[in-house]
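Biologist: Before we begin, I should like to see the chain itself. Please then explain the terms applied to it, setting each value against its cut-off.

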Amino acid sequence: QVQLVESGGGLVQAGGSLRLSCAASGRTFSSYAMGWFRQAPGKEREFVAAISWSGDSTNYADSVKGRFTISRDNAKNTVYLQMSSLKPEDTAVYYCAMSQAQKVHTIAVLKTTRYDYWGQGTQVTVSS
């Protein structure tokens, strides 16, 4: 049974930073690409970032490019999302997800259907 557990969310002022973590268990973590998605109230879940199984390839939504950084530590079975220069519009529940995708620069990786396992989410609130 795969388990993904996110942590690190919270309340931060605009312009601030947060680092999200997602700890995985139950699968060979290093064999899977990982992604971060977010969902604001009343909106669909949207792609934020993805990282290949090896960590050498990443993909970002235009809205976070240059502000967010995804990384992973396969020895710790953990993926991270470093978020800087946060804006009120970044407020959402953030989810990590696990995918068998071999490449992360594909349209499919932007879609929730490409991911097999999901965490429960962590709330990020950015105040203005």
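Modeller: In this predicted model, the side chains of Arg38 and Glu46 make a polar contact at 2.6 Å.

Biologist: What makes the approach of Arg38 to Glu46 a polar contact?

Modeller: The distance is 2.6 Å, and a polar contact requires N or O atoms within 3.5 Å, one able to donate a hydrogen and the other to accept it. The side chains of Arg38 and Tyr94 are likewise joined by a polar contact, of 3.0 Å.

Biologist: Why is Arg38 called buried?

Modeller: Arg38 has a relative accessible area of 6%. Buried means under 20%, so Arg38 is counted as buried. This residue belongs to strand S4. Beyond its neighbours within four places in sequence, the residues in contact with Arg38 include Val48, Ser63, Phe68, Asp90 and Tyr94.

Biologist: Tyr94 has now been named twice. Which residues touch the most other members of the largest nonpolar core?

Modeller: They are Trp36, Leu81, Met83 and Tyr94, in a core of 38 residues. Strands S3, S4, S5, S7, S8, S9 and S11 each supply at least two residues of this core. As for Leu81, its contacts more than four places away in sequence include Leu18, Trp36, Val48, Phe68, Ile70 and Tyr94.

Biologist: How do you know that S7 and S8 are paired strands?

Modeller: There are 6 bridges between S7 and S8, and at least two are needed for a pair. The two strands run antiparallel. As one example of bridge partners, Arg72 is matched with Val79 in S8. In general, strands of a sheet pair through backbone hydrogen bonds, either parallel or antiparallel.

Biologist: What is the order of the strands in the open sheet?

Modeller: The order is S1-S3-S8-S7, 4 strands with antiparallel pairing. What makes S1 and S7 the edge strands is that each pairs on one side only. From one strand to the next, the twist averages 15 degrees.

Biologist: What makes Asn77 notable in the loop between S7 and S8?

Modeller: Asn77 has a positive phi of about 55 degrees, although it is not a glycine. Most residues other than glycine have a negative phi. Asn77 has 28% relative accessibility; partly exposed covers the range between the 20% and 50% cut-offs, so Asn77 is counted as partly exposed.

Biologist: What is the phi of Ser85, and where does this residue lie?

Modeller: Ser85 also is not a glycine and has a positive phi, of about 50 degrees. Its place is the loop between S8 and S9. With a relative accessible area of 40%, Ser85 is partly exposed.

Biologist: Why is the aromatic pair of Phe37 and Tyr115 called edge-to-face?

Modeller: The ring centres of Phe37 and Tyr115 are 5.0 Å apart and the planes stand at 80 degrees. A pair needs centres within 6.5 Å, and planes over 60 degrees apart count as edge-to-face; both conditions are therefore met. The structure has 4 aromatic pairs.

Biologist: How do you know that this pair links distant parts of the chain?

Modeller: Phe37 is in strand S4 and Tyr115 is in the loop between S9 and S10, 78 residues apart. Phe37, at 0% relative accessibility, counts as buried, and Tyr115, at 6%, is buried too. Ring pairs link Phe37 and Tyr115 with Phe47 and Trp118 into a cluster.

Conventions. Residues numbered from 1 in each chain as written. Predicted model: local features only at pLDDT ≥ 70, side-chain atom pairs only at ≥ 80, totals over all residues. Heavy atoms only, no water. Core = buried A, V, L, I, M, F, W, Y, C linked by side-chain atoms within 4.5 Å. Buried < 20%, exposed > 50% of the residue type's maximum accessible area, 1.4 Å probe, protein only. Contact = heavy atoms within 4.5 Å. Axes fitted to C-alpha atoms, helices over the stretch in contact; angles between N-to-C directions. Phe/Tyr/Trp six-rings, centres within 6.5 Å; stacked < 30°, edge-to-face > 60°.
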